[in-house]
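Trainee: Before we start, please show me the structure. I would like to ask how the terms used for it are justified.

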2 protein chains.
Amino acid sequence: MKKVEEKLEQKEIRPTAMRMLVLETLRNQKAAISLQDLEIEFEKADRITLYRTLKTFQEKGLIHSIADGTGITKYALCEEGCKCAPEDMHVHFFCNRCEDTFCLPKFKIPKVSLPKGFVTLETNLLVKGTCANCTH
Amino acid sequence: MKKVEEKLEQKEIRPTAMRMLVLETLRNQKAAISLQDLEIEFEKADRITLYRTLKTFQEKGLIHSIADGTGITKYALCEEGCKCAPEDMHVHFFCNRCEDTFCLPKFKIPKVSLPKGFVTLETNLLVKGTCANCTH
DNA sequence: ATTAAAAATGCAACTTCATTGCACGTTTTA
DNA sequence: TAAAACGTGCAATGAAGTTGCATTTTTAAT
Ligand SMILES: [Mn+2]
Ligand SMILES: [Mn+2]
Ligand SMILES: [Zn+2]
Ligand SMILES: [Zn+2]
C-alpha cells in the first residue's frame with residue numbers, strides 16, 4: 001500500500017495534514033463515508049475544510065461520490081487505475097439494515113439496452129437490500 | 001384511458017379538484033416532473049398542497065419517485081398494474097442535454113449478481129446520456 | 001533569507017429542496 | 001345535523017450543500 005502522501009501527490013493533490021488524515025480514514029473504511037461521518041471523526045476540524053477536502057479529492061479523481069438514495073452523498077476511494085470512466089463504474093449497494101453503502105468494484109454494471117435514439121454516457125446502478133455483515 | 005377521477009378512486013385517493021388537475025398533468029407529460037414543475041404549471045396553487053399531493057400519490061402507489069442525480073426528485077405515473085415491487089422496476093434515463101428524466105418501462109433492470117451474503121431487495125438503474133429527442 | 005504569490009483553512013452567511021405545525025375550510029359518516 | 005376525518009393554505013423549520021471573504025500557511029521568486 002502506497003503511503004498516503006505519495007498517493008496524494010500522484011493525483012496532484014498537495015498533501016496537507018488534514019488531507020492525509022482524511023485519506024487515511026477513507027482507506028480504513030470498508031463502507032463509503034459521508035461528510036457527516038468525517039465531521040464526527042474529526043470533531044476539531046472545520047466542517048467546510050472537510051467538505052472542500054472531499055470536493056478536491058473528487059475533482060482530482062481520488063474518490064467518487066455515491067448517491068445511495070438517502071439524500072446524503074457518500075464517498076469512496078477509486079480503485080487503482082480508475083479514471084471514473086463508464087467502464088470503471090461498478091455496482092453500489094446500500095444495506096437497509098446497517099445503512100452502510102458499499103462499492104462492489106468486482107461487479108461491473110451490465111450493458112443496458114435502450115430505445116432507439118438513446119445514447120448512454122454513464123450508468124449508475126444501486127442495489128438495496130441486506131449486506132453480508134447483516135445476513136446471518 | 002380511464003377518467004382521472006376513476007383512476008384516483010381506484011387507488012383510494014379522494015378526487016379533489018387539485019388532485020385531478022395534477023394527475024391530468026402527469027398523464028400529459030412525457031418526462032418525469034418535479035414539484036417545481038408543478039409549481040410553475042399551477043401558479044395559483046399552494047406549493048405545500050402540491051407537495052402533499054405528490055406525497056399522497058406516491059404513498060398510494062399512483063406514482064413513483066425518481067432520483068436522477070440532479071438533487072431534485074422527479075415523479076412519474078406508475079404503469080397499469082404496477083405494485084412498485086422489484087419486478088416492476090425499470091430503467092430511468094436522464095438526458096444531459098434537455099435535462100429531462102424518462103421512465104423506460106419496456107426496459108427492465110437486469111438481475112445483478114452480488115457477492116456471497118448480499119441479498120437484493122430493490123434495484124435502481126439510472127442511465128445518463130442523450131435522449132432520442134436530443135440526438136439528431 | 002526576504003518577499004510576493006498562491007493555496008489552504010476557518011468562520012459566517014446563504015441557497016435550495018424537503019418537511020412539519022397548526023389553523024381553517026370542506027367533505028364524509030354516523 | 002353534529003362529529004369526525006380529511007384537505008388546504010400560510011408560516012416556520014430542517015437538512016444538506018455551497019459560497020464569500022478574511023486569515024493563515026505553503027510555495028516560488030528574488
Ligand atoms: Mn464505488
Ligand atoms: Mn419510472
Ligand atoms: Zn448491513
Ligand atoms: Zn434530451
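Trainee: Why is His92(B) called buried?

Mentor: His92(B) has 7% relative accessibility. Buried means under 20% relative accessible area, exposed over 50%, and partly exposed in between, with a 1.4 Å probe and protein chains only. His92(B) therefore counts as buried. Note that this is a predicted model, where local features need pLDDT of at least 70, side-chain atom pairs count only at pLDDT 80 or more, and totals for chains, interfaces and linings use all residues. Residues are numbered from 1 along each chain as its sequence is written, chains are lettered from A and ligands numbered from 1 in the order in which they are written, and side-chain values use heavy atoms, with hydrogens and water left out.

Trainee: Why is Cys103(B) called partly exposed?

Mentor: Its relative accessibility is 22%, so Cys103(B) counts as partly exposed.

Trainee: What makes a residue a donor of the manganese ion (ligand 2)?

Mentor: Donors are N, O and S atoms within 2.8 Å of the metal (3.2 Å for Na, K and Ca); water is not among the atoms, so sites may look incomplete. The protein donors here are His64(B) (NE2), His90(B) (NE2), His92(B) (NE2) and Cys103(B) (SG), at 2.0 to 2.2 Å from the ion. Along the chain they follow the spacing H-x25-H-x1-H-x10-C. His92(B) lies in strand β4 (residues 90-95) of chain B and Cys103(B) in strand β5 (residues 101-108) of chain B, so this pair ties together parts 11 residues apart in sequence. Strands (E, at least two residues) and helices (H or I, at least four) are DSSP runs, numbered from the N terminus.

Trainee: How do you know that β4 and β5 of chain A pair?

Mentor: Two strands pair if DSSP finds at least two bridges between them. Five bridges join β4 (residues 90-95) to β5 (residues 101-108) in chain A, and the strands run antiparallel. Phe94(A) stands opposite Thr101(A) in β5(A). The two strands form a hairpin with five residues between them, and Glu99(A) in the turn has a positive phi of about 60°.

Trainee: What makes the approach of Tyr51(A) to DNA strand D a polar contact?

Mentor: A polar contact is a pair of N or O atoms within 3.5 Å; within protein, one must be able to donate a hydrogen and the other to accept it, and residues adjacent in sequence count only if both atoms are side-chain atoms. A polar side-chain atom of Tyr51(A) lies 2.9 Å from a phosphate oxygen of DNA strand D, which meets the cut-off. For Arg47(A), a side-chain N or O atom is 3.1 Å from a base oxygen of that strand.
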